[in-house]
Amino acid sequence: MILHFTKMHGCGNDYVYINGFTEHIPQEEKPALVRRLSDRHFGIGGDGVIFINPVKAQESAADFEMEMWNADGTRAEMCGNGIRCVAKYVYDHGMINSENFNIVSAGKIKKIELTVKNGKAVMARVNMGAPVLNAADIPVSLPSISGADKGNAALPETLVIGAPITVQDKTYHMTCVSMGNPHAVVFVDDTASLDIDRIGPDFEHHPYFPARTNTEFVQVVSRDYVKMRVYERGTGETLACGTGCCATAVACVLNGLTDNTITVEVLGGKLRIEWDKETNEVFMTGPAETVFDGTMEI
């Protein structure tokens, strides 16, 4: 079978994109296929695979579905850089002619606003929705949160802001946010000197995180500018993470470190993030780029 694909990236966060309207892969075959395609030595190479699918009947408010897979063959709920690339793909391929439309991922619908130049989408602003701050919903499970408090909707939210976490005998402080997927934001003095490959796996698999976590290491430069490196669940360090940038902005505000609108510099570029406190919505603006189209025998 010949598989058609497109390689795309947002700030260096690269995925293999497969058009689910024309390429039909059985669900049970996807984990192994994703691992193969994502391999940077024996496959196409990427931080994972994203399928662009028709929407299901119960998601009719959306125009397209984004089905995201991590490089290790596990499913993920949301990818901020990925959803901008999906938006570019469907517009550039004439699958929609509006610059404003909706994409659903893991049941959550996101509103897209495209910037178009010379007939091609070059930038996307995404309404990423409200940040999830309740520990049980992220999820994060700390010893300080009693069993009676976990997941009880009748009780006030339990926030995790500046909570201690010990990794490899060193204590860090984390602020936890979900943007459709779990994030632990850790503030550091210098991101450049961080040995992220050594400590990242122990954050991801820490017992505090029943669904594992993405970990953002953040250096605050000013009230409107931060630097961030990210260790993504199921992938490792990536050049960017859109939901991680959103979680970073929320964590910065919760800790009183920045204003509500900031630029987040990642290894692959910069994203503009705004947390509108009046509507409690997070907006992400950034580029999306096509690298190449290709075919592969599978």
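Colleague: How does the end-to-end distance of helix 4 compare with what 1.5 Å a residue should span?

Modeller: This is a predicted model, so treat each value as computed from it. Helix 4 covers residues 242–254. At 1.5 Å a residue, its 13 residues should span 18 Å. The end C-alpha atoms are 19 Å apart, which agrees.

Colleague: Is helix 4 largely enclosed or open?

Modeller: Count the buried residues; the cut-off is under 20% relative accessible area. In helix 4, 12 of the 13 residues are buried, so the rest of the structure largely encloses it. Among them are Gly-242, Thr-243, Gly-244, Cys-245 and Cys-246. The buried set also includes Ala-247, Ala-249, Val-250 and Val-253.

Colleague: What follows helix 4?

Modeller: Gly-256 follows helix 4, and its phi is positive, near 70°.

Colleague: Which residues other than glycine have a positive phi?

Modeller: The general idea first. Most residues other than glycine have a negative phi, and most peptide bonds are trans. Here, Cys-11 has a phi near 55°, a positive value. Asn-118 also has a positive phi, near 55°.

Colleague: Where do Cys-11 and Asn-118 sit?

Modeller: Cys-11 is in the loop between strand 1 (2–10) and strand 2 (13–19). Asn-118 is in the loop between strand 7 and strand 8.

Colleague: Buried or exposed: what is Cys-11, and what is Asn-118?

Modeller: Cys-11 is buried, with a relative accessible area of 5%. Asn-118 is exposed, with a relative accessible area of 83%.

Colleague: Which residues does a cis peptide bond join?

Modeller: Look at omega. The cis bond joins Ile-138 and Pro-139, with omega about -5°. Pro-139 lies in the loop between strand 8 and strand 9.

Colleague: Now strand pairing. How many bridges join strand 11 to strand 12, and do the strands run parallel or antiparallel?

Modeller: Read the bridges and the direction together. Five bridges join strand 11 (residues 182–187) to strand 12 (residues 214–222), and the two run parallel. One partner pair is Phe-187 with Val-218 in strand 12.

Colleague: Through which helix does the chain cross from strand 11 to strand 12, and is the crossover right-handed or left-handed?

Modeller: The chain passes through helix 3 (residues 196–204). This β-α-β crossover is right-handed.

Colleague: And what joins strand 12 to strand 13?

Modeller: Seven bridges join strand 12 to strand 13 (residues 225–232), and these strands run antiparallel. A hairpin makes the connection through two residues. Within this pairing, Val-220 stands opposite Val-226 in strand 13.

Colleague: How should I read side chains along a strand?

Modeller: In a regular strand the side chains alternate between the two faces of the sheet. For a single residue, check its accessibility. Met-174 is in strand 10 (residues 170–178). At 0% relative accessibility, Met-174 counts as buried.

Colleague: How far apart are Met-174 and Glu-216, in sequence and in space?

Modeller: Met-174 and Glu-216 are 42 residues apart in sequence. Their C-alpha atoms are 9.3 Å apart in space.

Colleague: Next, empty space. What is the volume of the largest pocket?

Modeller: Rolling a probe the size of a water molecule over the atoms shows where empty space is left. Here the largest pocket has a volume of about 200 Å³. Of its 13 lining residues, Lys-108, Lys-110, Val-132, Met-179 and Gly-180 are the closest to its centre. The elements giving two or more residues to that lining are strand 7 (108–117) and strand 8 (120–129). By class, the lining has six nonpolar, four polar and three charged residues.

Colleague: Where does Val-132 lie?

Modeller: Val-132 lies in the loop between strand 8 and strand 9 (163–167). It counts as partly exposed, at 27% relative accessibility. Val-132 and Ser-178 are 46 residues apart along the chain, yet their C-alpha atoms are separated by 4.8 Å.

Colleague: How many cavities of 30 Å³ or more does the structure hold?

Modeller: The structure holds one of that volume or more. The largest cavity has a volume of about 50 Å³. Its lining includes Met-68, Asn-70, Cys-79, Asn-214, Glu-232 and Arg-233. Thr-243 is also one of the lining residues, and Thr-243 is among the buried residues of helix 4. By class, the cavity lining has five nonpolar, four polar and two charged residues.

Conventions:
Residues are numbered from 1 along each chain as its sequence is written. This is a predicted model: local features need pLDDT of at least 70, side-chain atom pairs count only at pLDDT 80 or more; totals for chains, interfaces and linings use all residues. Side-chain values use heavy atoms; hydrogens and water are left out. On a 1 Å grid over the protein atoms alone, a cavity is a set of points where a 1.4 Å probe fits but cannot get out, and a pocket is an open set with protein on both sides within 12 Å along at least five of seven lines; lining residues have an atom within 4 Å of a point. Grid points are joined across faces, edges and corners, and a volume is the space filled by probe spheres set on the points. Helices (H or I, at least four residues) and strands (E, at least two) are DSSP runs, numbered from the N terminus. Ala, Val, Leu, Ile, Met, Phe, Trp, Tyr, Cys and Pro count as nonpolar, Asp, Glu, Lys and Arg as charged, and the others, Gly among them, as polar. The expected span of a helix is 1.5 Å times one less than its number of residues. Buried means under 20% relative accessible area, exposed over 50%, partly exposed in between (1.4 Å probe, protein chains only). Two strands pair if DSSP finds at least two bridges between them. A crossover is right-handed if, with the strands pointing away from the viewer, the path from the first strand over the helix to the second runs clockwise.
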